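Work through the exercises below in order. Try each task before you read its solution.

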Amino acid sequence: MSQSPEYVIKTRDVTKVVDTTEGELQILQPISIDVNPGETVAIVGASGSGKSTLLSLLAGLDEVSSGEIFLDGAPLHSLDEEGRAQVRGEKVGFIFQSFMLVQSLTALENIMLPAEIAGLEAPRERALEALQQVGLEHRGGHYPNQLSGGEQQRVAIARAFITQPRILFADEPTGNLDASNSDKVEKLLFDLNRESDTTLILVTHDPSLAQKCDRQLQMQAGVLTEINGQKAPQREAS
Amino acid sequence: MNRMSANLAWRLFRHEAKRGELTIILFAIMLSVAAVFSLSMFSERLQSALTAQTAAFIAADRVLDARHPVDDAWLREARQRGINTAHQVYTRSMVFAGDNMQLVSLRAPDNAYPLKGQVKVAAQPFEPGVTTEALPGPKEAWIESRLFQLMGLSIGDVLEVGTQSFQVTKVLSEVPDAGFSLFGGDPKVMIPRADLEATGVIGPGARVTYSYYFTGDSDDLDAYYEWLRPKLDREIHRWMSVEDDDSPLGRSVGRAEQYFLLASLLAIVLAAVSIAVAAQRYSQRHYDPVAIMKTLGASRGMVQRVYLLQITLITALGLLLGGLAGYLIQQGVIWAIADSVPVDLSAWHWRPLWIALFTGVICAVLFSLYPLLKLFSISPLRVLRRDMGATVSARFIQFLAAGSAILILMWAYSQNLRLSLILFLSGIVLVALLLLVTFGLIAVGRRLGQGKIGAWQLAWARIKRRAMDNSVQLISFSVTIMLLLVVLVMRNDMIQQWRDQLPQGTPNYFMINITDAQLPTLEQHFAAQNVSLDTFYPVVRARFVAINGEQVRTDVRKEGEEENQRGRDGLGREANLTWSDTLQYENRITQGVWWSERPDDAPSGVSVEARAAERMDIKLGDVLTFNVGSEVVDVTVSSIREVNWQTMQPNFFFVLEPQAMADFLPTYMTSFHLPSDRKPQITELMRPFGNVTLFDVDARINQLRNIVDQVSMAVEFILVLVLAAGSLVLIAQVQASMDERQQELAILRTLGAKGGLIRGSVLVEFLIIGAVAGLMAALANELTLYLLQTQIFQMAGSVHWQYWLVAPLVGAGVVGLLGAAGCWRLLTLNTSTLLRKMV
């Protein structure tokens with residue numbers, strides 16, 4: 001089923017329908033997009049427009065209702081949760097608005113976590129290096145609640161890059177930060193992305209952040225369009 | 001990968017332990033182990049100490065009674081197994097002193113007798129006895145006080161037993177295995193075992209009991225009995241242990257043991273409840289880490305390994321700390337009561353430790369099962385959708401696991417399926433009731449909670465929301481309160497019954513053989529001496545010869561007096577018959593009717609004691625034949641009576657309808673109480689009535705009272721332990737729920753709600769929950785107690801109205817206070833700390 005990873009993300013007519021008390025609700029209309037390796041893509045849109053849902057599908061955190069998603073060649077739509085977890089472990093990094101660090105592990109241990117899960121060699125050494133890259137080498141032994149929001153997000157960034165993922169998903173990475181911390185985190189994110197040639201999918205409200213990306217997609221009531229006005233499913237399913 | 005799971009589990013465990021995040025679940029496991037260990041260790045120690053003490057009443061740990069001497073090899077075998085043995089021969093025989101003769105109970109012990117308890121002697125009749133290590137020397141006889149009175153003997157006189165003469169050298173005041181019967185039978189005479197054969201009284205045709213006494217390690221004794229059992233003949237041999245003791249004492253101790261067992265079982269349930277609450281909270285707190293791990297690519301198997309390992313580590317630490325704490329607690333209790341309970345409590349028992357560890361493990365495993373299943377089911381999507389909970393909602397797994405854990409533990413521990421089922425089923429009824437109430441509350445709350453937001457509305461709003469989500473909490477409060485009530489009420493009822501059994505002024509002397517003619521003089525004399533006499537019972541000695549014309553086989557049984565003395569296993573040929581128009585105190589008709597309800601023309605009736613009837617297979621309507629002197633009396637069984645033998649009152653196997661005995665001249669028996677300080681007056685009191693036989697049961701009653709006091713005290717301590725454990729569980733529960741409230745409090749605080757409003761709302765909420773839990777607990781308590789009292793403790797069931805009011809009030813008070821205290825602690829934190837804790 002694997003396809004050659006010409007595109008690092010390739011979706012065909014992906015929809016998401018959920019059951020609610022008032023009947024079925026279609027959150028995403030059929031979406032077909034292709035993302036090239038190393039591309040940075042921003043998905044913008046109002047709250048409730050479906051951008052986080054799309055992110056969850058692209059990252060393999062949730063199941064599609066219909067359609068196909070290939071993530072670096074792996075057919076997420078036909079994998080079960082275990083299969084998707086494996087794909088996430090091998091190919092994906094995450095950064096969240098609420099940082100999502102494990103509160104009972106130190107900063108260093110949080111960074112080590114994905115490397116350990118993926119079974120990489122020398123996770124501690126890698127984590128120390130990553131910690132240094134985000135400028136927090138002196139804070140490795142601190143617990144998340146002993147760090148400021150900006151520091152926590154830098155730890156999260158270090159954690160996201162430690163496995164050198166093919167694709168990085170970031171959900172409002174600066175949403176919880178003040179302006180100065182936002183700038184630092186943004187810079188770090190794009191610098192590391194460039195260095196490691198990672199594909200970045202970024203969900204944000206922030207137009208200035210979105211503008212730093214190669215492509216901008218607009219989500220509106222479950223319909224995805226390129227920000228230049230073109231509807232996103234530009235290509236027919238092949 | 002596996003090593004990685006272990007590393008991660010260990011790391012999480014280490015950090016969480018250090019940061020105090022495991023405190024509650026660790027504490028719950030610790031509590032379960034400590035409570036079960038301390039309670040069962042203490043009760044086991046106390047039981048074995050009490051059993052050792054009661055063993056004195058059969059003069060050994062085990063006794064083998066035989067109608068013929070047993071094979072020497074049996075005794076050699078016992079000694080080879082490290083068991084101590086002693087031997088005594090009983091028989092009834094006529095003894096002579098000058099012209100006087102008297103039927104006596106002759107005892108001839110060997111030098112090892114008694115293995116437990118003491119023989120007491122006095123220098124003069126009716127003087128208080130002192131303990132002696134020695135036994136009568138060759139050709140010496142020690143005789144009971146009343147034999148001096150009956151035969152006009154003095155110390156130094158000669159008593160003829162069979163063909164031999166013995167010099168009376170001491171007054172025999174007490175032997176350990178005299179039994180508790182008031183009809184002590186014939187006066188006792190003790191002579192050396194070595195002199196017995198020469199007297200010729202145990203020749204062919206004599207009724208002789210050969211008693212063999214054994215003491216030693218309980219396991220050795222049991223093993224020995226297993227070895228011996230195939231060789232025993234039911235017609236000839238009887239094996240007895242203290243546990244079989246059916247005397248008031250044996251029953252008191254037996255009941256106390258049941259109570260300890262109950263208390264320990266309840267401690268197990270308490271522990272289980274606290275672990276259930278803690279495990280649920282533990283699981284909820286780990287939803288995020290699991291979602292994160294899964295998002296980062298961890299497989300389900302890996303998450304399972306990490307958390308199972310972590311639970312294992314927590315359990316192991318809990319077991320270790322709990323074992324230590326439990327040991328210290330019971331050691332502390334033993335130290336505290338060392339002065340008031342004069343028994344050796346230092347024996348070490350392994351069983352309580354195994355039971356406690358087993359309890360901890362089973363609770364931790366089975367109660368964590370459902371919360372862990374929920375935890376494993378957490379979707380990685382939670383990282384984006386923060387409100388996403390567990391996707392598993394198979395509550396029946398939770399109920400099944402919790403239910404079977406509790407039942408398995410109770411059964412394994414008590415080895416008493418009935419007791420376990422009673423407690424378990426009451427628990428189920430309680431839970432069902434609570435679920436109903438929960439639904440009721442939601443309905444009520446919808447109405448009450450409307451209107452402008454105040455403390456009352458906030459409280460109802462929370463109850464409404466949480467009643468469904470968190471019915472576990474209400475149930476756990478109720479179960480805790482119920483268990484505490486059960487232990488408290490059982491203890492009150494039991495101690496009250498013990499005290500009632502031996503109230504102050506219980507008769508300590510009994511007189512028999514009072515003739516009709518003496519009656520008025522005796523009454524006057526005693527009144528003049530300021531001693532009040534109880535009821536006079538007419539007594540006629542008779543032989544019980546036939547049931548429905550069929551001869552009663554008595555030859556396989558021991559002589560009646562010895563039987564009666566021990567109050568069990570069959571009657572002899574001799575029976576004391578009495579008659580009365582009224583039913584005696586603490587007697588209850590179980591079958592048939594009392595005379596007054598029978599037709600006037602019905603044949604003369606007899607009321608038979610229930611256990612005697614069962615033993616001899618006597619049924620309503622059977623005709624019993626008695627020989628009174630040369631006369632034959634036929635009576636029809638018209639009722640079967642249950643008799644409370646635990647009252648120190650005269651009681652009879654056969655009570656006849658007065659008309660049946662109209663032609664016989666009875667003697668009378670009665671009883672009186674004489675305070676200890678007036679004891680020296682007894683000789684003066686009895687002097688005019690030389691023929692009247694006096695039984696002094698003062699020593700017996702004091703022994704009994706001592707034991708009952710000690711057992712009561714032990715029960716009190718157990719109660720205190722259980723109450724302490726219960727309170728800790730309540731605190732843990734409130735604390736756990738407080739954490740869940742944190743978020744709401746933080747939001748209310750942020751929105752500017754005043755401390756008073758928040759405190760008020762939490763207080764009202766906990767007051768309502770506490771009151772409901774208390775009421776439910778009172779209801780369930782009533783059911784449980786009724787079942788326990790009637791099915792296990794053999795007591796009359798009783799209703800405890802006062803607790804229907806007390807329990808809700810105390811429940812509301814305690815839970816409300818704890819809630820307010822927990823809330824107050826949260827309100828001292830500033831809002832940003834609260835908000836940060838939420839993340």
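Helices (H or I, at least four residues) and strands (E, at least two) are DSSP runs, numbered from the N terminus. This is a predicted model, in which local features need pLDDT of at least 70 and side-chain atom pairs count only at pLDDT 80 or more, while totals for chains, interfaces and linings use all residues. Residues are numbered from 1 along each chain as its sequence is written, and chains are lettered from A and ligands numbered from 1 in the order in which they are written.

**Exercise 1. Place B:Asp622 in chain B and decide whether it is buried, exposed or partly exposed.**

Step 1. Find the element. B:Asp622 sits in the loop between helix H17 (610-615) and strand E18 (623-628) of chain B.

Step 2. Apply the cut-offs. A residue is buried if 20 or more other C-beta atoms lie within 10 Å of its own, exposed if 12 or fewer, and partly exposed in between; C-beta atoms are placed from the backbone. B:Asp622 has 18 other C-beta atoms within 10 Å, so it is partly exposed.

Step 3. List its contacts. Two residues are in contact if their C-beta atoms, placed from the backbone, lie within 7 Å. Setting aside neighbours within four places in sequence, B:Asp622 touches B:Ile547, B:Asn548 and B:Val637.

Step 4. Check a C-alpha distance. B:Ser638 is 16 residues from B:Asp622 along the chain, and their C-alpha atoms are 8.4 Å apart.

**Exercise 2. Test the length of helix H1 (residues 2-18) of chain B.**

Step 1. Use the rule. The expected span is 1.5 Å times one less than the number of residues.

Step 2. Compare. H1(B) has 17 residues and should span 24 Å; its end C-alpha atoms are 24 Å apart, so the two agree.

Step 3. Look at burial. The buried residues of H1(B) include B:Met4, B:Leu8 and B:Phe13.

Step 4. Move past the helix. Just after H1(B), B:Gly20 has a positive phi of about 75 degrees.

**Exercise 3. Describe how helix H5 (residues 149-161) and helix H6 (residues 179-196) of chain A pack.**

Step 1. Read the geometry. Axes are lines fitted to C-alpha atoms, for helices over the stretch in contact, and angles run from 0 to 180 degrees between N-to-C directions. H5(A) and H6(A) make an angle of about 10 degrees, with axes 10 Å apart.

Step 2. Name the arrangement. Angles under 35 degrees count as roughly parallel, over 145 as roughly antiparallel, 65 to 115 as roughly perpendicular and the rest as oblique. H5(A) and H6(A) are therefore roughly parallel to each other.

Step 3. Identify the residues. Among them are A:Ile157 and A:Phe161 of H5(A), and A:Leu188 and A:Leu192 of H6(A).

Step 4. Sort them. Ala, Val, Leu, Ile, Met, Phe, Trp, Tyr, Cys and Pro count as nonpolar, Asp, Glu, Lys and Arg as charged, and the others, Gly among them, as polar. The contact has six nonpolar, five polar and two charged residues.

**Exercise 4. Which strands stand at the edges of the six-stranded open sheet of chain A?**

Step 1. Write the order. The sheet runs E7-E8-E9-E4-E10-E11, with mixed pairing. Two strands pair if DSSP finds at least two bridges between them.

Step 2. Find the edges. Strand E7 (92-95) and strand E11 (223-226) each have a single partner strand, so one side of each lacks a neighbour in the sheet.

Step 3. Inspect one pair. E7(A) and strand E8 (residues 167-171) run parallel and are joined by four bridges. A:Val92 has A:Ile167 of E8(A) as its bridge partner.
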